[in-house]
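User: I have a new structure open and would like to learn how to read it. Could you take me through a few features, one at a time?

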Amino acid sequence: SNTNLITTSVRNIIRDGNYIKLLGNPSAQPVVQFGKNIAGDVQLRVMSSNGQVVWEKRMSNVLAGQIQPLQLQLLPKGVYTLVITSREGIYSEKVLR
């Protein structure tokens, strides 16, 4: 049934060019540099083209300038999507491996 879809909270899609910088893209270890403070829990996920989560990291109370490498060394070359979820909303960006 679709009942669980109804209860899913709708999150704001963040379209802010300064939200993060993705350094070293493409590479086996691109680095996310946060462009602003993000309070509370922050979840980073890298998704494959078929929607599978291939890397995940939970953080909290991120500070502007803070960096987080993405560990993609074991993944095949290709196009992935970085999805950052916080209480501010969802930010996504393409990542090339």
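User: Let's begin with charged side chains. With which residue does Arg45 form a salt bridge?

Analyst: Side chains of opposite charge can pair when their charged atoms come close. In this predicted model, Arg45 forms such a salt bridge with Glu56, and their closest N and O atoms are 3.3 Å apart. The pair links distant parts of the chain, with Arg45 in strand E3 and Glu56 in strand E4, 11 residues apart.

User: Are these two residues buried, exposed or partly exposed?

Analyst: Here the cut-offs help: under 20% relative accessible area is buried, over 50% is exposed, and partly exposed lies in between. Arg45 has a value of 29%, so it is partly exposed. Glu56, at 40%, is therefore partly exposed as well.

User: How many salt bridges does the structure hold?

Analyst: It holds two. Besides the pair we have just seen, the side chains of Lys36 and Glu88 meet in a salt bridge, at 3.2 Å from N to O. This pair also links distant parts of the chain: Lys36 sits in the loop between E2 and E3, Glu88 in the loop between E6 and E7, and they are 52 residues apart. Lys36 is partly exposed at 28%, and Glu88 is partly exposed at 29%.

User: Now the strands. How should I read a sheet, and in what order do the strands around E3 lie?

Analyst: A good way is to list the strands in the order they lie side by side, then look at how each neighbour pairs. One open sheet here has four strands in the order E4-E3-E6-E7, with antiparallel pairing. Its edge strands are E4 and E7, each of which pairs on one side only. On average, neighbouring strands of this sheet are turned by 15° against each other, direction ignored.

User: How many bridges join the strands of that sheet?

Analyst: Let's walk across it. E3 (residues 38-47) and E4 (residues 53-62) pair over eight bridges, and Leu44 has Lys57 as its bridge partner in E4. On to the next neighbour: five bridges join E3 to E6, where Arg45 stands opposite Val83. Finally, eight bridges join E6 to E7 (residues 89-96). Two places to look there are Thr81, whose partner in E7 is Lys94, and Leu82, which stands opposite Glu93.

User: How are strands that follow one another in the chain connected?

Analyst: Look for hairpins. E6 and E7 are joined by one through two residues. E3 and E4 form another, with five residues between them, and Gly51 in that turn has a positive phi of about 90°. Ser48 also lies in the loop between E3 and E4. With a relative accessible area of 13%, Ser48 is buried. Its side chain makes a polar contact of 2.4 Å with that of Asn50. Farther along the sequence, Ser48 touches Val54 and Tyr80.

User: Why is E6 described as largely enclosed?

Analyst: Count how many of its residues are buried. In E6 that is six of eight, so the strand is largely enclosed by the rest of the structure. Take Ile84, which belongs to this strand (residues 79-86): its relative accessible area is 0%, so it is buried. Leaving aside neighbours within four places in sequence, its contacts include Tyr19, Val32, Phe34, Leu44 and Ile90. Leu44 is 40 residues from Ile84 in sequence, yet their C-alpha atoms are 4.6 Å apart.

User: Which other residue of E6 could I look at?

Analyst: Try Ser86. At 2% relative accessibility, Ser86 is buried. Its side chain joins that of Tyr19 in a polar contact of 3.4 Å. Ser86 also touches residues beyond its sequence neighbours, including Arg11, Ile38 and Asp41.

User: What is the strand order in the sheet that contains E1?

Analyst: The order is E1-E2-E5, an open sheet of three strands with antiparallel pairing. E1 (20-23) and E5 (67-69) stand at the edges with a single partner strand each, so one side of each is left without a neighbour in the sheet. The twist averages 20° from one strand to the next. E1 and E2 (residues 31-34) pair over four bridges, and Lys21 stands opposite Gln33 in E2.

Methods
Residues are numbered from 1 along each chain as its sequence is written. This is a predicted model: local features need pLDDT of at least 70, side-chain atom pairs count only at pLDDT 80 or more; totals for chains, interfaces and linings use all residues. Side-chain values use heavy atoms; hydrogens and water are left out. Buried means under 20% relative accessible area, exposed over 50%, partly exposed in between (1.4 Å probe, protein chains only). Contact means heavy atoms within 4.5 Å. Two strands pair if DSSP finds at least two bridges between them. Axes are lines fitted to C-alpha atoms, for helices over the stretch in contact, and angles run from 0 to 180 degrees between N-to-C directions. A polar contact is a pair of N or O atoms within 3.5 Å; within protein, one must be able to donate a hydrogen and the other to accept it, and residues adjacent in sequence count only if both atoms are side-chain atoms. A salt bridge is a side-chain nitrogen of Lys or Arg within 4 Å of a carboxyl oxygen of Asp or Glu.
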